[in-house]
Amino acid sequence: MADEGVWYHDPDNIRAQYYTLVLDVCQNMVRRHGLPTIQGGEKLVIPKLRTTIQPKTLPGVRRNLHLAPPFLLDDYVPRYHLISSIDAAKKRSLAYAHLRECNLCPRLCGVNRYEKTGVCLIGAETVKVNTIAPHFGEEPCFQGHNGSGSVFFSGCNLRCVFCQNHDIAHQRNGFDLAPEELAEWYMKLQEVGRVHNINLVTPEHVVPQVALSILHARELGLRLPIIYNTSSFDSLESLELLDGLIDIYLPDFKVWSDETSKRLLKADNYTATAMESIKAMHAQVGDLCFTADGVAKKGVLVRHLVMPGLEDEGREIVKWLAENVSKDIMVHIMEQYFPRAHVGKPRRGVKVDVVETGGFQPSKETKTQGRYEDINRPVGLDEVASVRQAAEKAGLWRFVEAAKHGGFNI
Ligand code: SF4
(Lines give C-alpha, C1' and ligand atoms only; values in the text may rest on other atoms or scores of the structure.)
Protein backbone atom coordinates (compact mmCIF):
# COMPACT_ATOMS: atom_id res chain seq x y z
CA MET A 1 0.00 0.00 0.00
CA ALA A 2 1.56 3.29 -0.95
CA ASP A 3 0.39 6.44 -2.74
CA GLU A 4 -3.02 7.79 -2.07
CA GLY A 5 -5.55 6.02 -4.25
CA VAL A 6 -3.16 3.29 -5.46
CA TRP A 7 -3.04 -0.22 -4.06
CA TYR A 8 0.07 -2.25 -4.74
CA HIS A 9 -0.61 -5.89 -4.37
CA ASP A 10 2.41 -8.01 -3.49
CA PRO A 11 1.63 -11.32 -1.74
CA ASP A 12 5.16 -11.53 -0.31
CA ASN A 13 4.88 -8.27 1.53
CA ILE A 14 1.25 -7.91 2.54
CA ARG A 15 0.91 -9.61 5.87
CA ALA A 16 -2.01 -11.86 6.51
CA GLN A 17 -3.38 -9.66 9.29
CA TYR A 18 -4.30 -7.03 6.72
CA TYR A 19 -6.55 -9.28 4.69
CA THR A 20 -9.69 -8.21 6.48
CA LEU A 21 -8.84 -4.68 5.55
CA VAL A 22 -8.14 -5.72 1.96
CA LEU A 23 -11.49 -7.46 1.77
CA ASP A 24 -13.37 -4.39 3.02
CA VAL A 25 -11.74 -2.19 0.41
CA CYS A 26 -12.23 -4.73 -2.35
CA GLN A 27 -15.85 -5.38 -1.48
CA ASN A 28 -16.45 -1.67 -1.94
CA MET A 29 -14.60 -1.85 -5.27
CA VAL A 30 -16.57 -4.88 -6.40
CA ARG A 31 -19.82 -3.12 -5.55
CA ARG A 32 -18.77 -0.14 -7.63
CA HIS A 33 -16.81 -1.70 -10.51
CA GLY A 34 -17.47 -5.48 -10.63
CA LEU A 35 -14.95 -8.26 -9.87
CA PRO A 36 -11.33 -7.55 -10.84
CA THR A 37 -8.65 -10.16 -11.64
CA ILE A 38 -5.85 -9.89 -9.13
CA GLN A 39 -2.68 -11.90 -9.49
CA GLY A 40 0.80 -11.78 -7.96
CA GLY A 41 2.70 -8.59 -8.74
CA GLU A 42 -0.24 -6.82 -10.40
CA LYS A 43 -1.29 -3.36 -9.42
CA LEU A 44 -4.94 -2.72 -8.72
CA VAL A 45 -5.76 0.95 -9.22
CA ILE A 46 -8.41 2.15 -6.87
CA PRO A 47 -10.09 5.51 -7.18
CA LYS A 48 -9.30 7.96 -4.43
CA LEU A 49 -10.07 6.60 -1.02
CA ARG A 50 -11.84 8.92 1.31
CA THR A 51 -9.73 8.05 4.30
CA THR A 52 -6.07 7.30 4.77
CA ILE A 53 -5.67 3.69 5.85
CA GLN A 54 -3.16 2.92 8.56
CA PRO A 55 -3.07 -0.89 8.81
CA LYS A 56 -0.31 -1.01 11.40
CA THR A 57 -2.53 0.76 13.89
CA LEU A 58 -5.24 -1.89 13.55
CA PRO A 59 -5.67 -4.30 16.45
CA GLY A 60 -5.10 -8.02 15.80
CA VAL A 61 -7.54 -9.12 13.12
CA ARG A 62 -9.01 -12.61 12.83
CA ARG A 63 -7.68 -14.21 9.65
CA ASN A 64 -10.32 -16.35 8.04
CA LEU A 65 -10.80 -14.91 4.57
CA HIS A 66 -10.00 -17.62 2.07
CA LEU A 67 -11.85 -15.70 -0.59
CA ALA A 68 -10.11 -12.38 -0.13
CA PRO A 69 -7.64 -11.17 -2.71
CA PRO A 70 -5.18 -12.42 -3.80
CA PHE A 71 -6.99 -15.78 -3.59
CA LEU A 72 -10.05 -14.64 -5.53
CA LEU A 73 -10.26 -15.12 -9.31
CA ASP A 74 -12.93 -13.52 -11.46
CA ASP A 75 -12.78 -16.32 -14.01
CA TYR A 76 -10.60 -19.32 -14.76
CA VAL A 77 -9.34 -21.11 -17.86
CA PRO A 78 -7.75 -24.53 -17.13
CA ARG A 79 -4.02 -24.63 -17.73
CA TYR A 80 -4.25 -27.40 -20.32
CA HIS A 81 -6.04 -24.95 -22.62
CA LEU A 82 -3.13 -22.53 -22.41
CA ILE A 83 -0.35 -24.78 -23.73
CA SER A 84 0.47 -24.64 -27.44
CA SER A 85 -0.08 -27.57 -29.80
CA ILE A 86 3.71 -27.89 -30.08
CA ASP A 87 4.08 -28.21 -26.31
CA ALA A 88 1.19 -30.68 -26.28
CA ALA A 89 2.98 -32.82 -28.89
CA LYS A 90 6.21 -32.67 -26.84
CA LYS A 91 4.31 -33.84 -23.77
CA ARG A 92 2.82 -36.76 -25.70
CA SER A 93 6.19 -38.00 -26.89
CA LEU A 94 7.69 -37.51 -23.40
CA ALA A 95 4.85 -39.59 -21.92
CA TYR A 96 5.57 -42.48 -24.32
CA ALA A 97 9.29 -42.21 -23.61
CA HIS A 98 8.69 -42.50 -19.86
CA LEU A 99 6.59 -45.62 -20.37
CA ARG A 100 9.42 -47.27 -22.31
CA GLU A 101 11.83 -46.71 -19.41
CA CYS A 102 9.83 -45.97 -16.29
CA ASN A 103 11.57 -43.98 -13.57
CA LEU A 104 8.50 -41.92 -12.94
CA CYS A 105 8.41 -42.38 -9.21
CA PRO A 106 11.13 -42.81 -6.61
CA ARG A 107 10.92 -46.61 -6.98
CA LEU A 108 13.04 -46.11 -10.15
CA CYS A 109 12.13 -49.47 -11.69
CA GLY A 110 13.60 -48.56 -15.11
CA VAL A 111 11.32 -51.10 -16.85
CA ASN A 112 9.76 -50.95 -20.30
CA ARG A 113 6.12 -51.00 -19.22
CA TYR A 114 5.04 -52.25 -22.66
CA GLU A 115 6.84 -55.52 -21.81
CA LYS A 116 6.81 -55.88 -18.02
CA THR A 117 5.56 -54.11 -14.93
CA GLY A 118 7.44 -52.49 -12.08
CA VAL A 119 6.58 -52.20 -8.39
CA CYS A 120 3.21 -50.58 -9.17
CA LEU A 121 2.21 -53.62 -11.29
CA ILE A 122 0.49 -51.46 -13.93
CA GLY A 123 1.49 -51.68 -17.62
CA ALA A 124 1.65 -49.05 -20.37
CA GLU A 125 -1.36 -49.39 -22.67
CA THR A 126 -4.11 -48.96 -20.08
CA VAL A 127 -4.71 -47.84 -16.53
CA LYS A 128 -6.75 -49.75 -14.00
CA VAL A 129 -9.65 -47.76 -12.59
CA ASN A 130 -11.86 -48.76 -9.68
CA THR A 131 -14.54 -46.05 -9.61
CA ILE A 132 -15.49 -43.02 -11.69
CA ALA A 133 -18.28 -40.89 -10.22
CA PRO A 134 -19.24 -37.52 -8.77
CA HIS A 135 -17.83 -37.70 -5.26
CA PHE A 136 -19.09 -35.91 -2.17
CA GLY A 137 -16.41 -36.97 0.28
CA GLU A 138 -13.85 -34.35 -0.69
CA GLU A 139 -13.17 -30.92 0.78
CA PRO A 140 -16.18 -28.61 0.30
CA CYS A 141 -14.19 -26.31 -1.97
CA PHE A 142 -13.72 -29.23 -4.42
CA GLN A 143 -17.06 -30.97 -4.15
CA GLY A 144 -19.18 -27.81 -4.33
CA HIS A 145 -22.85 -28.54 -4.95
CA ASN A 146 -22.49 -31.11 -7.74
CA GLY A 147 -19.54 -33.14 -6.51
CA SER A 148 -15.95 -33.62 -7.54
CA GLY A 149 -15.56 -35.81 -10.65
CA SER A 150 -13.40 -38.48 -9.07
CA VAL A 151 -11.43 -41.15 -10.86
CA PHE A 152 -10.05 -43.70 -8.38
CA PHE A 153 -7.05 -45.44 -9.93
CA SER A 154 -6.25 -48.97 -8.77
CA GLY A 155 -2.72 -49.77 -7.63
CA CYS A 156 -0.24 -47.52 -5.86
CA ASN A 157 3.49 -46.97 -5.61
CA LEU A 158 3.33 -46.95 -1.79
CA ARG A 159 2.42 -49.87 0.47
CA CYS A 160 0.93 -48.12 3.50
CA VAL A 161 0.07 -50.70 6.15
CA PHE A 162 -2.88 -48.56 7.27
CA CYS A 163 -4.15 -47.79 3.72
CA GLN A 164 -7.63 -46.29 3.95
CA ASN A 165 -8.41 -47.55 0.38
CA HIS A 166 -6.83 -50.96 0.76
CA ASP A 167 -9.10 -52.83 -1.67
CA ILE A 168 -8.40 -50.35 -4.45
CA ALA A 169 -4.73 -49.54 -3.87
CA HIS A 170 -3.34 -52.93 -2.87
CA GLN A 171 -5.70 -55.43 -4.41
CA ARG A 172 -5.98 -53.61 -7.74
CA ASN A 173 -9.68 -54.20 -8.23
CA GLY A 174 -11.08 -52.39 -11.24
CA PHE A 175 -11.37 -52.21 -15.02
CA ASP A 176 -8.85 -51.32 -17.69
CA LEU A 177 -9.13 -48.10 -19.68
CA ALA A 178 -6.95 -46.65 -22.44
CA PRO A 179 -6.14 -42.92 -22.19
CA GLU A 180 -8.73 -42.09 -24.88
CA GLU A 181 -11.44 -43.98 -22.96
CA LEU A 182 -10.43 -42.19 -19.79
CA ALA A 183 -10.86 -38.85 -21.60
CA GLU A 184 -14.38 -39.88 -22.63
CA TRP A 185 -15.20 -40.55 -18.98
CA TYR A 186 -14.00 -37.04 -18.07
CA MET A 187 -16.46 -35.74 -20.66
CA LYS A 188 -19.29 -37.78 -19.11
CA LEU A 189 -18.46 -36.37 -15.71
CA GLN A 190 -18.58 -32.86 -17.18
CA GLU A 191 -21.67 -33.22 -19.35
CA VAL A 192 -23.80 -35.62 -17.30
CA GLY A 193 -22.46 -35.25 -13.78
CA ARG A 194 -21.98 -31.47 -14.08
CA VAL A 195 -19.15 -31.84 -11.58
CA HIS A 196 -16.82 -28.97 -10.69
CA ASN A 197 -13.52 -30.66 -11.55
CA ILE A 198 -11.83 -33.89 -12.59
CA ASN A 199 -10.21 -35.39 -9.49
CA LEU A 200 -7.49 -37.96 -10.25
CA VAL A 201 -7.08 -40.03 -7.09
CA THR A 202 -3.77 -41.92 -6.60
CA PRO A 203 -2.45 -41.30 -10.13
CA GLU A 204 1.33 -41.25 -9.35
CA HIS A 205 2.02 -44.54 -11.11
CA VAL A 206 -0.01 -43.72 -14.25
CA VAL A 207 1.16 -40.17 -14.94
CA PRO A 208 2.01 -40.75 -18.64
CA GLN A 209 -1.43 -42.23 -19.36
CA VAL A 210 -3.05 -39.39 -17.38
CA ALA A 211 -1.12 -36.78 -19.40
CA LEU A 212 -2.28 -38.42 -22.64
CA SER A 213 -5.89 -38.53 -21.42
CA ILE A 214 -5.93 -34.82 -20.50
CA LEU A 215 -4.52 -33.85 -23.89
CA HIS A 216 -7.16 -35.97 -25.61
CA ALA A 217 -9.93 -34.55 -23.41
CA ARG A 218 -9.01 -30.97 -24.26
CA GLU A 219 -9.67 -31.83 -27.91
CA LEU A 220 -13.04 -33.29 -26.92
CA GLY A 221 -14.02 -30.04 -25.19
CA LEU A 222 -13.20 -30.57 -21.51
CA ARG A 223 -13.36 -27.28 -19.60
CA LEU A 224 -12.96 -28.42 -15.98
CA PRO A 225 -9.91 -27.88 -13.75
CA ILE A 226 -7.89 -31.05 -13.11
CA ILE A 227 -6.95 -32.12 -9.57
CA TYR A 228 -3.89 -34.29 -9.02
CA ASN A 229 -4.67 -36.07 -5.74
CA THR A 230 -1.37 -37.65 -4.67
CA SER A 231 0.46 -39.23 -1.74
CA SER A 232 3.45 -37.02 -2.72
CA PHE A 233 5.67 -39.96 -3.61
CA ASP A 234 6.27 -38.34 -7.01
CA SER A 235 9.43 -37.62 -8.96
CA LEU A 236 10.37 -34.23 -10.36
CA GLU A 237 10.32 -35.72 -13.89
CA SER A 238 6.75 -36.78 -13.35
CA LEU A 239 5.73 -33.33 -12.09
CA GLU A 240 7.50 -31.72 -15.04
CA LEU A 241 5.40 -33.83 -17.41
CA LEU A 242 2.27 -32.64 -15.56
CA ASP A 243 3.26 -28.97 -15.59
CA GLY A 244 0.70 -27.14 -17.71
CA LEU A 245 -1.85 -29.94 -17.45
CA ILE A 246 -2.79 -29.84 -13.75
CA ASP A 247 -4.65 -26.97 -12.10
CA ILE A 248 -4.87 -28.14 -8.49
CA TYR A 249 -2.37 -30.28 -6.61
CA LEU A 250 -3.81 -32.11 -3.61
CA PRO A 251 -0.80 -33.78 -1.96
CA ASP A 252 -0.82 -35.79 1.26
CA PHE A 253 2.13 -35.25 3.55
CA LYS A 254 1.86 -38.47 5.51
CA VAL A 255 4.74 -38.91 7.95
CA TRP A 256 7.87 -37.05 8.95
CA SER A 257 10.57 -39.52 9.98
CA ASP A 258 12.37 -41.96 7.68
CA GLU A 259 11.95 -44.65 10.29
CA THR A 260 8.17 -44.25 10.24
CA SER A 261 7.95 -44.12 6.45
CA LYS A 262 10.01 -47.28 6.18
CA ARG A 263 7.85 -49.09 8.70
CA LEU A 264 4.38 -47.81 7.84
CA LEU A 265 4.61 -46.79 4.16
CA LYS A 266 7.24 -49.36 3.10
CA ALA A 267 9.14 -46.57 1.37
CA ASP A 268 12.62 -45.17 1.85
CA ASN A 269 13.14 -41.48 1.50
CA TYR A 270 9.43 -40.60 1.60
CA THR A 271 9.83 -37.36 3.56
CA ALA A 272 12.57 -35.88 1.36
CA THR A 273 10.57 -36.85 -1.74
CA ALA A 274 7.37 -35.31 -0.39
CA MET A 275 9.19 -32.07 0.48
CA GLU A 276 10.71 -31.79 -2.98
CA SER A 277 7.40 -32.67 -4.68
CA ILE A 278 5.27 -30.22 -2.70
CA LYS A 279 7.74 -27.41 -3.37
CA ALA A 280 7.64 -28.21 -7.10
CA MET A 281 3.82 -28.32 -7.09
CA HIS A 282 3.62 -24.97 -5.33
CA ALA A 283 6.12 -23.47 -7.79
CA GLN A 284 3.78 -24.49 -10.62
CA VAL A 285 0.38 -23.34 -9.35
CA GLY A 286 0.89 -21.35 -6.10
CA ASP A 287 -1.57 -21.04 -3.23
CA LEU A 288 -5.15 -22.20 -3.57
CA CYS A 289 -7.43 -19.73 -5.40
CA PHE A 290 -11.20 -19.70 -5.77
CA THR A 291 -13.78 -18.15 -8.00
CA ALA A 292 -16.56 -16.19 -6.33
CA ASP A 293 -18.79 -19.29 -6.14
CA GLY A 294 -16.42 -20.68 -3.51
CA VAL A 295 -15.10 -23.52 -5.68
CA ALA A 296 -11.31 -23.92 -5.85
CA LYS A 297 -9.81 -23.55 -9.32
CA LYS A 298 -6.04 -23.45 -9.00
CA GLY A 299 -3.28 -23.98 -6.44
CA VAL A 300 -2.10 -26.40 -3.78
CA LEU A 301 -3.98 -27.82 -0.80
CA VAL A 302 -1.92 -30.06 1.47
CA ARG A 303 -3.58 -32.82 3.48
CA HIS A 304 -2.19 -34.36 6.63
CA LEU A 305 -3.96 -37.33 8.19
CA VAL A 306 -3.08 -37.19 11.88
CA MET A 307 -2.00 -40.66 13.03
CA PRO A 308 -2.48 -42.06 16.55
CA GLY A 309 0.64 -41.46 18.62
CA LEU A 310 2.37 -39.65 15.76
CA GLU A 311 1.18 -36.11 16.37
CA ASP A 312 4.81 -35.01 16.85
CA GLU A 313 5.39 -35.86 13.20
CA GLY A 314 2.30 -33.88 12.20
CA ARG A 315 3.61 -30.87 14.09
CA GLU A 316 6.92 -31.06 12.23
CA ILE A 317 5.12 -31.30 8.89
CA VAL A 318 2.95 -28.21 9.36
CA LYS A 319 5.93 -26.25 10.68
CA TRP A 320 7.95 -27.22 7.62
CA LEU A 321 5.13 -26.16 5.30
CA ALA A 322 4.91 -22.74 6.90
CA GLU A 323 8.65 -22.17 6.88
CA ASN A 324 9.51 -23.65 3.49
CA VAL A 325 6.53 -23.45 1.17
CA SER A 326 4.10 -20.68 2.11
CA LYS A 327 2.31 -19.37 5.17
CA ASP A 328 -0.68 -18.87 2.86
CA ILE A 329 -0.78 -22.52 1.81
CA MET A 330 -4.18 -24.12 2.42
CA VAL A 331 -4.01 -27.10 4.77
CA HIS A 332 -6.44 -29.82 5.72
CA ILE A 333 -5.55 -31.41 9.05
CA MET A 334 -7.60 -34.59 8.92
CA GLU A 335 -8.92 -36.54 11.89
CA GLN A 336 -10.59 -39.49 10.15
CA TYR A 337 -7.80 -42.05 10.58
CA PHE A 338 -9.17 -45.50 11.26
CA PRO A 339 -7.22 -48.79 11.53
CA ARG A 340 -7.49 -50.62 8.22
CA ALA A 341 -5.51 -52.88 5.87
CA HIS A 342 -2.84 -54.72 7.91
CA VAL A 343 -3.29 -52.84 11.18
CA GLY A 344 -4.54 -55.07 14.00
CA LYS A 345 -4.46 -58.24 11.88
CA PRO A 346 -3.02 -61.37 13.57
CA ARG A 347 0.76 -61.57 13.47
CA ARG A 348 2.11 -64.01 10.95
CA GLY A 349 3.83 -67.05 12.44
CA VAL A 350 2.79 -66.47 16.08
CA LYS A 351 1.49 -69.74 17.46
CA VAL A 352 -0.39 -70.13 20.67
CA ASP A 353 1.84 -72.90 22.03
CA VAL A 354 5.16 -71.35 21.11
CA VAL A 355 7.77 -71.09 23.86
CA GLU A 356 9.69 -67.85 23.81
CA THR A 357 13.48 -67.61 24.00
CA GLY A 358 14.63 -68.55 27.47
CA GLY A 359 11.83 -71.06 27.95
CA PHE A 360 9.13 -68.52 28.81
CA GLN A 361 5.58 -69.14 27.76
CA PRO A 362 4.32 -66.26 25.62
CA SER A 363 2.30 -63.78 27.60
CA LYS A 364 -1.40 -63.50 26.95
CA GLU A 365 -0.72 -60.03 25.60
CA THR A 366 1.86 -61.26 23.07
CA LYS A 367 -0.46 -63.97 21.84
CA THR A 368 -3.39 -61.67 21.35
CA GLN A 369 -1.60 -58.57 20.02
CA GLY A 370 -2.18 -57.80 16.37
CA ARG A 371 0.20 -56.20 13.91
CA TYR A 372 1.03 -52.48 14.20
CA GLU A 373 -0.75 -52.40 17.53
CA ASP A 374 0.57 -48.87 18.22
CA ILE A 375 -1.69 -47.44 15.51
CA ASN A 376 -4.58 -49.82 16.08
CA ARG A 377 -7.00 -47.18 17.38
CA PRO A 378 -8.74 -44.06 16.05
CA VAL A 379 -6.84 -40.82 16.47
CA GLY A 380 -7.67 -38.70 19.52
CA LEU A 381 -9.14 -35.24 19.13
CA ASP A 382 -6.43 -33.91 21.45
CA GLU A 383 -3.81 -35.23 19.01
CA VAL A 384 -5.51 -33.48 16.11
CA ALA A 385 -5.78 -30.28 18.15
CA SER A 386 -2.07 -30.31 18.95
CA VAL A 387 -1.19 -30.45 15.22
CA ARG A 388 -3.62 -27.62 14.52
CA GLN A 389 -2.11 -25.51 17.29
CA ALA A 390 1.39 -26.11 15.93
CA ALA A 391 0.19 -25.06 12.47
CA GLU A 392 -1.28 -21.83 13.78
CA LYS A 393 1.81 -21.13 15.84
CA ALA A 394 3.95 -21.57 12.71
CA GLY A 395 1.83 -18.96 10.91
CA LEU A 396 -0.51 -21.09 8.81
CA TRP A 397 -4.03 -19.72 8.72
CA ARG A 398 -5.91 -21.18 5.76
CA PHE A 399 -7.49 -24.40 7.01
CA VAL A 400 -10.21 -26.62 5.61
CA GLU A 401 -12.92 -26.75 8.24
CA ALA A 402 -16.29 -28.45 8.42
CA ALA A 403 -19.20 -26.13 7.74
CA LYS A 404 -20.80 -25.07 11.01
CA HIS A 405 -24.24 -25.20 9.37
CA GLY A 406 -23.54 -28.69 7.98
CA GLY A 407 -23.79 -27.59 4.35
CA PHE A 408 -21.52 -26.30 1.61
CA ASN A 409 -18.81 -24.12 3.11
CA ILE A 410 -15.74 -22.47 1.70
S1 SF4 B 1 5.55 -45.73 -11.75
FE2 SF4 B 1 5.53 -47.96 -11.40
S3 SF4 B 1 6.99 -48.83 -12.89
FE4 SF4 B 1 7.35 -46.61 -12.81
S5 SF4 B 1 9.01 -46.34 -11.32
FE6 SF4 B 1 7.09 -46.12 -10.17
S7 SF4 B 1 6.57 -48.16 -9.41
FE8 SF4 B 1 8.14 -48.40 -11.00
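Around the ligand in this predicted model, the shell has eight nonpolar, four polar and one charged residues. That shell holds 13 residues, and the closest are Cys-102, Cys-105, Cys-109, Gly-118 and Cys-120.

Let's turn to the strands. Strand S4, residues 127-135, has antiparallel pairings with S5 and with S6. The table sets these two pairings next to each other.

| Strand pair | Residues of the partner | Sense | Bridges | Residue opposite Val-129 |
|---|---|---|---|---|
| S4 and S5 | S5: residues 148-153 | antiparallel | six bridges | Phe-153 |
| S4 and S6 | S6: residues 175-177 | antiparallel | three bridges | Phe-175 |

Val-129 is a handy place to look when you follow the table in the structure: Phe-153 of S5 stands opposite this valine, and so does Phe-175 of S6.

Next come two helices, H5 (residues 179-193) and H6 (residues 207-220), whose axes come within 8 Å and cross at roughly 55°. Because of that angle, H5 is oblique to H6. The crossing of the two helices is right-handed.

Which residues make the contact between H5 and H6? From H5 come Pro-179, Glu-180, Leu-182, Ala-183, Tyr-186 and Met-187, while H6 brings Gln-209, Leu-212, Ser-213, His-216, Ala-217 and Leu-220. Sorted by class, this contact of H5 with H6 has eight nonpolar, three polar and one charged residues.

Definitions and conventions: Residues are numbered from 1 along each chain as its sequence is written. This is a predicted model: local features need pLDDT of at least 70, side-chain atom pairs count only at pLDDT 80 or more; totals for chains, interfaces and linings use all residues. Two strands pair if DSSP finds at least two bridges between them. Helices (H or I, at least four residues) and strands (E, at least two) are DSSP runs, numbered from the N terminus. A residue is near a molecule or strand if its C-beta atom, placed from the backbone, lies within 6 Å of it. Ala, Val, Leu, Ile, Met, Phe, Trp, Tyr, Cys and Pro count as nonpolar, Asp, Glu, Lys and Arg as charged, and the others, Gly among them, as polar. Axes are lines fitted to C-alpha atoms, for helices over the stretch in contact, and angles run from 0 to 180 degrees between N-to-C directions. Angles under 35 degrees count as roughly parallel, over 145 as roughly antiparallel, 65 to 115 as roughly perpendicular and the rest as oblique. A crossing is left-handed if the near helix is turned anticlockwise from the far one by less than a right angle, and right-handed if clockwise. Two residues are in contact if their C-beta atoms, placed from the backbone, lie within 7 Å.
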